[in-house]
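I opened the notebook to look up how this chain is put together, beginning with the overall layout and ending with the strand pairings.

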Amino acid sequence: MPSNRRIKNKTKKRFKKTWNGVVKGLSRRIVVYAADFEAECPNCYYDKVNRVSSGVCKVDSSNPNYFTTGRCPVCRGKGVLVTTIKRCIEGIIIWNPGGDKLNSLTFTEAGYEGATKVEIKTDPCNLSIIRASKYVLIDGIKCKLSEPPLLRGIGEKHLLIARFFTVDKPKIDSGEFI
Ligand SMILES: [Zn+2]
């Protein structure tokens with residue numbers, strides 16, 4: 001029994017090691033755009049009841065954004081500033097998963113042009129950021145998550161698979177664009 005367990009653990013370790021090497025060697029950069037983050041405008045007081053700018057400036061007249069009448073020039077009257085959080089992750093990118101395996105591993109112009117589906121294989125530590133993403137940039141193409149990400153592996157979970165669909169339409173004359 002103890003020897004069995006040892007072999008099992010060894011196999012698991014070897015799998016993980018091999019897999020990590022594969023991920024490292026083939027990985028490309030994926031830019032994940034997380035959900036928008038709202039912060040109160042630093043230039044004016046926020047009206048929490050009406051959820052707009054109060055129109056009252058909170059910086060002194062020496063500040064270039066100082067105003068007395070009209071809209072706040074910083075938030076344009078919204079009272080908040082919206083920031084999109086961007087993070088880069090590493091992963092294997094497979095355009096048109098389930099299609100020709102040779103093509104899917106090599107990135108070519110033609111490889112993604114007609115593709116509308118893309119799968120990425122990445123480290124499970126990226127799960128929460130992928131789940132919360134508004135969209136991602138894969139090979140410069142804007143994509144959205146098409147289904148909840150999956151965790152795969154032997155024994156332990158050490159691989160995250162996420163599937164996306166393209167939002168950008170590469171060909172305007174395809175009749176597909178909205
Ligand atoms: Zn403001």
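The entries below follow the order in which I looked things up.

**Entry 1, overall layout.** I noted before anything else that this is a predicted model. I counted four helices and nine strands in the protein, and reading along the sequence I wrote their order down as α-β-β-β-β-α-α-β-α-β-β-β-β. I then looked up burial and found that 17% of the 178 residues count as buried. For the contacts between residues at least 6 apart in sequence, I recorded that 62% join residues at least 24 apart.

**Entry 2, K117.** I turned next to K117, which lies in strand 5, a strand covering residues 117-122. Is K117 buried, exposed or partly exposed? I put K117 down as partly exposed because 16 other C-beta atoms lie within 10 Å, and a residue needs 20 or more to be buried and 12 or fewer to be exposed. Setting aside neighbours within four places in sequence, I listed N96, P97, R163 and F165 as the contacts of K117. For N96, which is 21 residues away along the chain, I noted a C-alpha separation of 5.2 Å from K117.

**Entry 3, the cores.** I looked up the largest nonpolar core, which has 17 residues, and noted that I30, I93, V118, I120, V136, I138 and F164 touch the most other members. Two or more residues of this core come from each of strand 1 (28-40), strand 4 (80-95), strand 5, strand 6 (133-138) and strand 9 (159-166). Strand 4 is the element that gives the most, with five residues. I also checked V118 and, leaving out neighbours within four places in sequence, found it in contact with I93, I94, W95, I138, C143, F164 and T166. A second core, separate from the largest one, has six residues, among them C41, C57, C72 and C75.

**Entry 4, the partners of strand 9.** Which strands did I find joined to strand 9? Strand 5 runs antiparallel to strand 9 and is joined to it by six bridges, and in my notes K121 stands opposite I161 of strand 9. Strand 7, residues 141-145, also pairs with strand 9 in the antiparallel sense, over three bridges, with C143 standing opposite T166. Strand 8, residues 150-152, is likewise antiparallel to strand 9, with three bridges between them, and here I wrote down L150 as standing opposite I161.

Notes. Residues numbered from 1 in each chain as written. Predicted model: local features only at pLDDT ≥ 70, side-chain atom pairs only at ≥ 80, totals over all residues. Contact = placed C-beta atoms within 7 Å. Core = buried A, V, L, I, M, F, W, Y, C linked by C-beta atoms within 7 Å. Pairing = 2+ DSSP bridges.
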